Amino acid sequence: MKLLFKNKKKYKDLENLSLGSIGKLKIEEDLVPQGINYVAPFILISCYSTEKRKSRVLFFDENSILCKEIELENRSHVGGISYDKIHNLLWICNSKGRISSYKYHEFLNGDLSSKKDFLVADNSLGGGFLIEEEKFVCSYLTYFDNKVYVGSFNKKKNGLVKVFDVIRESTGIELKYRSEFNVPEKIQGLTFYKQNKETYMLLSKSYTRIKDSSIFIYKYIENKNDYTEKSCSLTLPPMLEQIALIEENIILLFESFAKKYSYNAKVVIDDIFVLNTQKILEKFF
């Protein structure tokens, strides 16, 4: 972690709850990291290009060594990536209100022919609209408990998360609208953690190179339609993107080390930090 100017604020939550860094990331200069997920033995990071190249997914080992790079068929910001172990699918945010699924092991070998797109931001599958500045968006997603959660990022108003059941039909995988809930503004990612009979939802919030990021922690109640109330939260450095589980803990992805931002970001982080989930819960619950 590099401070570009003297920063009086110490990120105690990062210091006290961190299990350390897996390692430092090195990516091509035009790439900006957005989404992160763990599929043993790889850490997957989705990136878009500032040079109008196609977006891609990078495969790092558990020492943050780049092992593989898969080019996608679009230039989406690919704000979220998640693995569905029940159906062996990789879910990735696409553009224009769509998400895409790929058969994971085919994708791993560079074969994208299994790709299937789902338009989820409008109401064709049910529910409300995922929009930002009057445009359909799928800003982030995660897979949990045989459901795909897809959310919208908004700068000034609450976002929306739509929940879809993943169903295997004779024609292949389909999504069925289940429910939706409101989340605060500026949400960049979400993940879930289950302990005993309780399920916890963690939301990452960030915006701009200067303002600190947050992780909000809620007890998740199925079919509850609003999570915008004040919640337990962690204060972290700026530019936090997607968060995800690695084993029982949480990995953090910051975009501040991308060349697009690193020259004037308040804090530059090129590490993948791991937070101790148990300590987080003990802090608040």
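## A tour from strand β24 to helix α4

Start with strand β24, where 5 of its 5 residues are buried, so the strand is mostly covered. Buried means under 20% relative accessible area, exposed means over 50% and partly exposed is in between, with a 1.4 Å probe and protein chains only. Strands here are DSSP runs of E with at least two residues, helices are runs of H or I with at least four, and both are numbered from the N terminus.

The model is predicted: local features need pLDDT of at least 70, side-chain atom pairs count only at pLDDT 80 or more, and totals for chains, interfaces and linings use all residues. Residues are numbered from 1 along each chain as its sequence is written, and side-chain values use heavy atoms, with hydrogens and water left out.

**Stop 1: β24 and its partners**

Select residues 271-275, which make up β24. D271, F273 and L275 point one way from the strand, and I272 and V274 point the other way. Now show the side chain of D271, which is buried with a relative accessible area of 9%. Which side chains does the side chain of D271 contact? It makes a polar contact with the side chain of S21 at 2.9 Å, and another with the side chain of K24 at 3.1 Å. A polar contact is a pair of N or O atoms within 3.5 Å; within protein, one must be able to donate a hydrogen and the other to accept it, and residues adjacent in sequence count only if both atoms are side-chain atoms.

Add strand β2 (residues 18-24), which runs antiparallel to β24 and is joined to it by 4 bridges. Two strands pair if DSSP finds at least two bridges between them. In this pairing S21 stands opposite F273. Then add β22, which pairs with β24 in the antiparallel sense over 3 bridges. F273 is the bridge partner of L252 as well.

**Stop 2: the nonpolar cores**

Select I22, L25, I36, I43, I45, I251 and I272: of the 24 residues in the largest nonpolar core, these touch the most other members. A nonpolar core is a set of buried Ala, Val, Leu, Ile, Met, Phe, Trp, Tyr and Cys residues joined through side-chain atoms within 4.5 Å. At least two residues of this core come from each of β3, β4 (42-49), β5, β21 (240-246), β22 (249-254) and β24. Centre on I22, whose contacts include I43, I246, I251, I272 and V274, not counting residues up to four places away in sequence. Contact means heavy atoms within 4.5 Å. A second, separate core has 21 residues, including Y200, L236, F273 and I280.

**Stop 3: the β3-β4-β5-β6 sheet**

Four strands form an open sheet in the order β3-β4-β5-β6, with antiparallel pairing. Its edge strands, β3 (31-39) and β6 (66-71), each pair on one side only.

Select β4, where 8 of its 8 residues are buried. F42, L44, S46 and Y48 point one way, while I43, I45, C47 and S49 point the other way. β3 pairs with β4 over 8 bridges in the antiparallel sense, and a hairpin joins the two through 2 residues. Here S46 is the bridge partner of G35.

On to β5: β4 and β5 pair in the antiparallel sense over 5 bridges, and C47 stands opposite R56. These two strands form a hairpin with 6 residues between them, and K52 in the turn has a positive phi of about 65°. Strand β5 (residues 56-60) is also joined to β6 by 5 bridges, with V57 opposite I70.

Within β5, pick L58. Is L58 buried or exposed? At 1% relative accessibility, L58 is buried. Among the residues it touches, not counting those up to four places away in sequence, are I27, L31, I43, L44, I45, C47 and L66. The C-alpha atoms of L58 and I36 are separated by 9.5 Å, with the two residues 22 residues apart along the chain.

**Stop 4: helix α4**

Finish with residues 277-284, helix α4, in which T277, I280 and L281 are buried. Look down the axis of α4: its buried residues fall within an arc of 95°, so they line one face of the helix. The arc is that of the directions from the helix axis to the C-beta atoms. At the N-terminal end, N276 caps α4, with a side-chain oxygen 3.0 Å from the backbone nitrogen of Q278.
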